[in-house]
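Biologist: Please take one strand of this model and look at it closely. Start with its pairing, then work outwards to whatever surrounds it.

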Amino acid sequence: EGCPDAAAVGQSVETLSGVQVVASADEAALRAEAAVSRTEAGFALALTLRTNGTTQVRALEATDCAVIARAAALVVTVALDPVEVATRMPEPEPEPEPEPEPEPELEPEREPEPEPEPAQESNAEPDPEPALVRRRRPLELGVGASVGVAGRALPGVGPSIDLAPFIGVPRIHARLVGQLRTPRSIALPGNPDVRARFMLAAGGVRVCPNVLPRDGRVRVPICGGLDVGAVLGSGGGSAVRNPTDVASLWSAAAFEAGAIVQVARWVSVTAAFEASVALSRPRFVFGGVGSVHDVARLSPRGLLGVQLHRPR
C-alpha cells in the first residue's frame, strides 16, 4: 500500500536512461525483479538484476515506499548505462575567486586617555572565594583469601588459611575474617604412646586504616581487631583407652601490618604480618598423665594472598 507499481518504476527508468523498458524478459539485456515488504522501520526492497551470465541482488530500506521506488529506478539505470547517468548530472559550479583584501586604513592618532579617578571606598562585601568541593569516592568492596604460617597458638608451626570479605573507602576498610589453623599432632614428652591433635577455627573483625590510600597502586593498611573461636583437641595413641574430643574457647586481640599492591583493575595481591595476644588461653591435659599443650599468650602469623574487588 502506498507504493508505486512496476509501470511507474519503469517510466522512471526510461526518463533517467532514455532506454525503453519492455515487459518481455526474452527481449531485455537487463532483467530486474523487485519484492517489497513491510518492516518495523518502514519498507524493505529486494532488487535482483540479471544479465547474460551475471546476477546481482541489492537490498534497500526506507521509511517511505516512494523513496525506495525512486532508488530502485536509479539502481537499474546505473546498471544499464552509468555513463548516461553521469552525463545527466549537473556540473559543479566553480568556486568564486576570493576578493582582494582592502588596504588597511591608517589609524588616527589617539588622544591621551584621562587619568583614572581614585576608586571610592565601597561598603559592599567582596565576593566570597569559591569553596573547595570534595569529590565523593565510590564505595570499595571485595573479598580476600590468604595462606600463611602460624605458630604458638597450636603446637609447633603450621599452615593457616584466611577468608576475609571487606567494605570501605580508600582511607579505611572494615573486614570480617574467618581463619583456620590446620591440625597439628604432638606426642607427650617421655611417653610417645600418648598423642594429641589440635586445630583452631575462629572468626573476627578488623578495622584497617590505610596509610597510603591515595590514587597509587600500593596501600599500607594497619589493622586492629578481635578474634573469637575455639581450639579443638583430640587424644590418641596406644596408651589412651578412651580418646575424646574437646573444644575450648580462644579469644585474642589482633594487630596487623601489611601491604596491598593492585595488579589489575579488580585484582590486588597482599602480604601481612599479624600478632595475636590471647585473652583466653586454653590448657589441655590428660587425666593421670599431665599437661599436653598450653596456648601461648602471643602467637604470630605471616600471610600472602589475593584480593578480588570492585574495579578501581
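**The last strand and its surroundings**

Modeller: In β14, Q307 is the bridge partner of G144. That is one contact point of a longer pairing: β4 (residues 140-151) and β14 (residues 298-309) run antiparallel and are joined by nine bridges. Two strands count as paired if DSSP finds at least two bridges between them. Strands are DSSP runs of E with at least two residues, helices are runs of H or I with at least four, and both are numbered from the N terminus.

A word on the basis. The model is predicted, so local features need pLDDT of at least 70 and side-chain atom pairs count only at pLDDT 80 or more, while totals for chains, interfaces and linings use all residues. Residues are numbered from 1 along each chain as its sequence is written, and side-chain values use heavy atoms, with hydrogens and water left out.

β14 also pairs with β11 (residues 267-280). This pairing is antiparallel too, over 11 bridges. Here V306 of β14 is the bridge partner of V269.

Now the side chains of β14. They alternate between two faces. S299, R301, L303, G305, Q307 and H309 point to one face and are buried. Buried means under 20% relative accessible area, exposed over 50%, and partly exposed in between, with a 1.4 Å probe and protein chains only. L298, P300, G302, L304, V306 and L308 point to the other face and are not buried. So which face does Q307, the partner of G144, take? Q307 is on the buried face. V306, the partner of V269, points to the other face.

Next, follow β4 onwards. β4 runs antiparallel to β5 (residues 157-169), joined by 12 bridges. G148 has S160 of β5 as its bridge partner. The β4–β5 hairpin has five residues between its strands. R152 lies in this loop. Its phi is positive, about 80°, although R152 is not a glycine. Most residues other than glycine have a negative phi.

R152 leads to the core. V295 is in contact with R152, and also with A153, V231, W250, R281 and P282, leaving aside neighbours within four places in sequence. Contact means heavy atoms within 4.5 Å. V295, V231 and W250 are among the residues with the most contacts inside the largest nonpolar core, as are L154, F198, L200 and V292. That core has 15 residues. A nonpolar core is a set of buried Ala, Val, Leu, Ile, Met, Phe, Trp, Tyr and Cys residues joined through side-chain atoms within 4.5 Å. β7 and β10 are the elements that give two or more residues to this core. β7 gives the most, with five. Another core, of 13 residues, lies apart from it and includes V13, L45, I68 and A72.

β7 and β10 have a common partner, β9. β7 (residues 191-209) and β9 (residues 222-236) pair in the antiparallel sense over 13 bridges. There, A196 has G235 of β9 as its bridge partner. β9 and β10 (residues 245-264) are also antiparallel, again over 13 bridges. V228 stands opposite S251 in β10.

One more residue is V177, in β6 (residues 172-188). V177 is buried, with a relative accessible area of 7%. It touches D162, L163, A164, A202, G203, G204 and R206, not counting residues up to four places away in sequence. The C-alpha atoms of V177 and A164 are 4.5 Å apart, although 13 residues separate them along the chain.

Finally, the wider frame. The protein has three helices and 14 strands. Of its 312 residues, 31% are buried. Among contacts with a separation of 6 or more, 56% are between residues 24 or more positions apart. The accessible surface, from the Shrake-Rupley method with a 1.4 Å probe, comes to about 21600 Å², and 57% of this belongs to carbon and sulfur atoms.
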